[in-house]
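Hi everyone, thanks for making time. I'd like to walk you through one structure today, so please have a look at it while I talk.

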Amino acid sequence: MLAFLGAIICIIASVHPAGSAAPAAPAADNDSAAAALLPAADKGLGALHGPAEALASAGPRLPGGPPPPIFSRFVCTPLSAECPATGTGTGPATGPGPEELLALRSAAAQLRRTALEQKERIRMDQETIRELTGKLSRCEGGLRNPAAAAAAPPAAGLRAAPRPGTMGHPPAEPPAVRELEEAVRALQDRIDRIEQELPARTNGSAPTAPALARDALHTKMEQLEEQLLSKILTLQKERQAASTDRSQQQHNIEKELNSLQNRVTELEHGPPGYSPPDAFKVTIPVQNNYMYARMKKSLPELYAFTICLWLKSKALAGLGTPFSYSVPSQANEIVLLEWGTNPLELLINDKVAQLPLSLKDKAWHHVCVAWTTRDGKWSAYQDGEQRGAGENLASWHAIKPQGVIILGQEQDTLGGRFDATQAFVGELAQFSVWDHMLAPAEILGLANCTSHLQGNVIQWDDQAVEVFGGASKGGFAACEEGRKA
């Protein structure tokens, strides 16, 4: 770019007509472009090497004529024979036309703007490189020694951008360009060196003693945690297996004991005296957490139900739990419970409704509870009469299927975890379940023994009921027992 600018200035100086302007003072700086605007000598001048050479080539000054032109030193090199001119090689040179002069001035102005833009870009690059140099110096100092890096002097800065030349022309800046290239190359070298040193410092540097101790401690803790977790999982599996085996063994033992007890009872008193199959009762003589009866059949999904049974409580305080239905996701899916000094409650999906029933007189009573998911409506009957009703009990809830029905105990988990304080003490019979709400007249017929309506979901049958833990079965005639009561 600078060479091209010099060539253009040389062309302008050589083709400008002599005597077209007043003589100008010589420029002070060697890199000034003022010589481009001074009047040119005759073609015989050839090259412009300075004031002395120009005067010698111009010849002596004529009396009364204009003074010879004066040129700055070292403006351009000698022109070849093809330097632009309009005259012949032997005749005097004539100046360019107005169009050519205008074009040359436009080109010179465009070159001047381009040089100024390049100068501004170089200045901005110098500032950016200076800032990056400082940052890299701080980075290198921090990697070597943070304290030394804070006190280290910044990297050598770049030379300030040279001032613009006279008459608005940018000076030639080959040293600045070279210095810029060298600075960029130095920065690249430092970046490459840092990138090479970082992995070596990360992987090859010897850690300090505290770091080694900390790493060893962390590794040991991780190993111990893995071992502890493995032990816990193993113990959990063993405990689950042992619990399953123990529960199965206990169930088998209780079943065998019950079979033996029933067999002994048959041998002592003869075969059972109840017939048909529903003419029996379950007796739970003691309040504990292992005497109960279990229905072999489960419930389907229900949106309404009616549960009826005969019961006779012998508890001193609180009825206990005549029946409970549990599913895997909800232990209190359906529960009839009276615990301590609390009133008798019906639980559906762990939602509670209090029932105004009185069953503590140690007499036989016929009890029914009916419910529908629509608005959670419920009703409670004692001896054929409705004693209570309400709404919003587990509204729009569906009774979940595949659960466990236990008579005499409240389930905290599916089929187990009984609480002795919530156990039922007394006798139970005729436990039946329907998948809809029975009419009051139907419930009254069951209580008065004028109806033999069987549950369409669960029927009371000797083969469908198992007893455990010392609970027993005996003959039962609902109407006769009711009259005796």
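I'll start with the overall picture, then go through the core, the disulfide and the aromatic pairs.

First, a reminder that this is a predicted model. We have 485 residues, and 37% of them are buried. The program finds eight helices and 14 strands. If you take the contacts with a separation of 6 or more, 69% of them are between residues 24 or more positions apart. As for the outside, the accessible surface is about 28000 Å², and carbon and sulfur atoms own 56% of that.

Okay, the core. In general, nonpolar side chains in soluble globular proteins tend to be buried together. Here the largest nonpolar core has 45 residues, and the members touching the most others are V282, L299, F323, L355 and F431. And which strand gives the most to this core? That's strand 3, residues 304-313, with four residues. Let's zoom in on F323. Leaving out neighbours within four places in sequence, F323 has contacts that include I307 and L309, then I334, V335 and L336, and also F431.

Strand 3 comes up again with the disulfide. There's one in the model, and it joins C308 to C368, with the sulfurs 1.9 Å apart. C308 sits in strand 3 and C368 in strand 8, residues 365-372, so this pair links distant parts of the chain, 60 residues apart. The torsion about the S-S bond is about 120°, which means the disulfide is right-handed. Are the two cysteines buried or exposed? C308 has a relative accessibility of 2%, so C308 is buried, and C368 is buried too, at 1%.

Last bit: aromatics. The count is six aromatic pairs. The one I'd like you to look at is F280 with W460: the ring centres are 4.5 Å apart and the planes are at 15°, so the pair counts as stacked, the cut-off being under 30 degrees. Where do the partners lie? F280 is in strand 1, residues 280-284, while W460 is in the loop between helix 7 (440-447) and strand 13 (465-468), so the pair ties together parts 180 residues apart in sequence. F280 is buried, at 0% relative accessibility, and W460 is buried with 2%. F280 has another partner as well: K473 lies over the face of its ring, 5.4 Å from the ring centre. Elsewhere, Y292, F418 and F468 form one aromatic cluster.

That's my tour, and I'm happy to take questions.

Methods
Residues are numbered from 1 along each chain as its sequence is written. This is a predicted model: local features need pLDDT of at least 70, side-chain atom pairs count only at pLDDT 80 or more; totals for chains, interfaces and linings use all residues. Side-chain values use heavy atoms; hydrogens and water are left out. Helices (H or I, at least four residues) and strands (E, at least two) are DSSP runs, numbered from the N terminus. Buried means under 20% relative accessible area, exposed over 50%, partly exposed in between (1.4 Å probe, protein chains only). Contact means heavy atoms within 4.5 Å. Accessible areas come from the Shrake-Rupley method with a 1.4 Å probe; for residues, only the protein chains shown count as cover. Rings of Phe, Tyr and Trp (its six-membered ring) pair if their centres lie within 6.5 Å; planes under 30 degrees apart count as stacked, over 60 as edge-to-face and the rest as tilted. A charge sits over a ring if NZ of Lys or CZ of Arg is within 6 Å of the ring centre and within 35 degrees of the ring normal. A nonpolar core is a set of buried Ala, Val, Leu, Ile, Met, Phe, Trp, Tyr and Cys residues joined through side-chain atoms within 4.5 Å. A disulfide is a pair of cysteine sulfur atoms within 2.5 Å.
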